[in-house]
Amino acid sequence: MSAVERELTALKNLGVRGVTIGIKLPLLLSRYTPLASKYANFYAAVAEQARARGFTIDVELGGLFCGTVFSTCSYAYPRTIAGWAKLTAEQARIVIARVHPNYLDILAEPNTEAELTSIGALGTLSGVVQFVTATLAQIGARGTTKIGAGAASWFPVSWDRAVSKTSVNVLIEHIYPLSPAIVQTITATAALAHQTHKPLVADEVWLYKSTPSLTGGVTASGDEAKSDAYSFFEPLDEKFLSITRQWSTKADVAFTSAFWSEQLFTYVVWTPQLEAGSPTQTLAVLNEQTVGAWGNGTYSASGLTWAGRVRKG
């Protein structure tokens, strides 16, 4: 918690006004882990610290990135949409009761969720509507939390249009990276949000460094994260974050969250040794430098751009 508090304070000092917290399934479910109650206590404490700093709180559900550089976990998930909706609703109820987020994102990347859970139907339009409808029905009382779902920017707006016909309070958008097609989609999704009177929440935005060999799937996520960390990409990230800020204002987006919080503080200088090493090695260097930046009160140009500040000197 001491590290969490330092990061939240550093984000506050930078000028950030909200945080996205990933509370991934099945961490809060006791039949999957004996630590479930401790995880719930931890995330409740994180939210309390965030609220104390005046932050808007967005929580993302969805499956853990098991079998990747981010986690070596392995869980026996249900193999049906109905089963996954039941688990999601169960964890959502705990999050609403303990964390009290402003926004709760139950689904934003259908293809990612389908890959993580091995439930192929989650990657279909009909499957998404079935999942969202079933999950919302089982969550019950929402309190002050606004529940959202959607399809990421690489899906046609027809997917968000279908989700908007459910009882979600907000539409969720993830933006990675930018292309003419994605620009058209997010413009159409913002218009849809206004038409349906369901605010738009873009709780993941970043200039993801995909290549023809890195297709953006779960298996490539570690290599893409490694590329994202390098400092020679910072000018591009600045441009992306500046454009995204402008779009958020013009589109009247309710909440927008940059994905890599570390790069708001620092980047890693590329070396042949890091390039030859694993993503885990590069990310460890990035984490170490980030902690140092919190203590020094320093920010990257990307961070200053995202906060709407101008670098001094």
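Two residues count as touching here when they have heavy atoms within 4.5 Å of each other. Keep in mind that everything in these views comes from a predicted model.

**View 1. Ala162 and what it touches.** Start with Ala162, which you'll find in helix α6. Leave out residues up to four places away in sequence, and Ala162 touches Leu125 and Val129. Now look for Gly150, twelve residues from Ala162 along the chain: the C-alpha atoms of these two are separated by 8.9 Å.

**View 2. Phe131 and its surroundings.** Phe131 belongs to helix α5. Is Phe131 buried or exposed? With a relative accessible area of 1%, Phe131 is buried, since anything under 20% gets that label. Setting aside neighbours within four places in sequence, you can spot Ile81, Trp84, Ala85, Thr88, Ile106, Leu107 and Leu122 in contact with Phe131. Pro180 is another story: 49 residues from Phe131 along the chain, with 30 Å between the two C-alpha atoms.

**View 3. Helix α4 and its cover.** Helix α4 takes in residues 110-117, and six of these eight residues are buried, so the rest of the structure largely encloses it. Which residues of α4 are the buried ones? They are Pro110, Thr112, Glu113, Ala114, Leu116 and Thr117. Their cover includes α3 (81-98), β3 (103-107), α5 (125-139) and α6 (157-164). Right after α4 comes Ser118, and its phi is positive, near 65°.

**View 4. Helices α1 and α2 side by side.** Here helix α1 (residues 2-14) packs with helix α2 (residues 36-52) at an angle of about 30°, and their axes are 10 Å apart. Angles under 35 degrees count as roughly parallel, and α1 and α2 are therefore roughly parallel to each other. The crossing of α1 past α2 is right-handed. On the α1 side, look for Val4, Glu5 and Leu8; they meet Phe42, Val46, Gln49 and Ala50 of α2. Sort the residues of this contact by type and you get five nonpolar, one polar and one charged.

**View 5. Phe155 with Trp159, and a cluster of rings.** To describe a pair of aromatic rings, you give the distance of the centres and the angle of the planes. How many aromatic pairs does a search of the whole structure find? It finds 16. In one of them, the ring centres of Phe155 and Trp159 are 4.5 Å apart and the planes sit at 50°, so this pair is tilted. Phe155 and Trp159 are both buried. Zoom out a little to see a cluster linked by ring pairs: Trp154, Phe155, Trp159, Tyr176, Tyr208, Phe259 and Trp260.

**View 6. Phe265 with Trp294.** These two rings have their centres 6.5 Å apart and their planes at 80°, so the pair is edge-to-face. The partners come from distant parts of the chain, 29 residues apart. Phe265 lies in the loop between β7 (255-258) and α10 (272-276), while Trp294 is in helix α11 (residues 279-296). Why do both get called buried? The label needs a relative accessible area under 20%; Phe265 has 4%, and Trp294 has 15%.

How values were computed: Residues are numbered from 1 along each chain as its sequence is written. This is a predicted model: local features need pLDDT of at least 70, side-chain atom pairs count only at pLDDT 80 or more; totals for chains, interfaces and linings use all residues. Side-chain values use heavy atoms; hydrogens and water are left out. Axes are lines fitted to C-alpha atoms, for helices over the stretch in contact, and angles run from 0 to 180 degrees between N-to-C directions. Helices (H or I, at least four residues) and strands (E, at least two) are DSSP runs, numbered from the N terminus. Angles under 35 degrees count as roughly parallel, over 145 as roughly antiparallel, 65 to 115 as roughly perpendicular and the rest as oblique. A crossing is left-handed if the near helix is turned anticlockwise from the far one by less than a right angle, and right-handed if clockwise. Ala, Val, Leu, Ile, Met, Phe, Trp, Tyr, Cys and Pro count as nonpolar, Asp, Glu, Lys and Arg as charged, and the others, Gly among them, as polar. Buried means under 20% relative accessible area, exposed over 50%, partly exposed in between (1.4 Å probe, protein chains only). Rings of Phe, Tyr and Trp (its six-membered ring) pair if their centres lie within 6.5 Å; planes under 30 degrees apart count as stacked, over 60 as edge-to-face and the rest as tilted.
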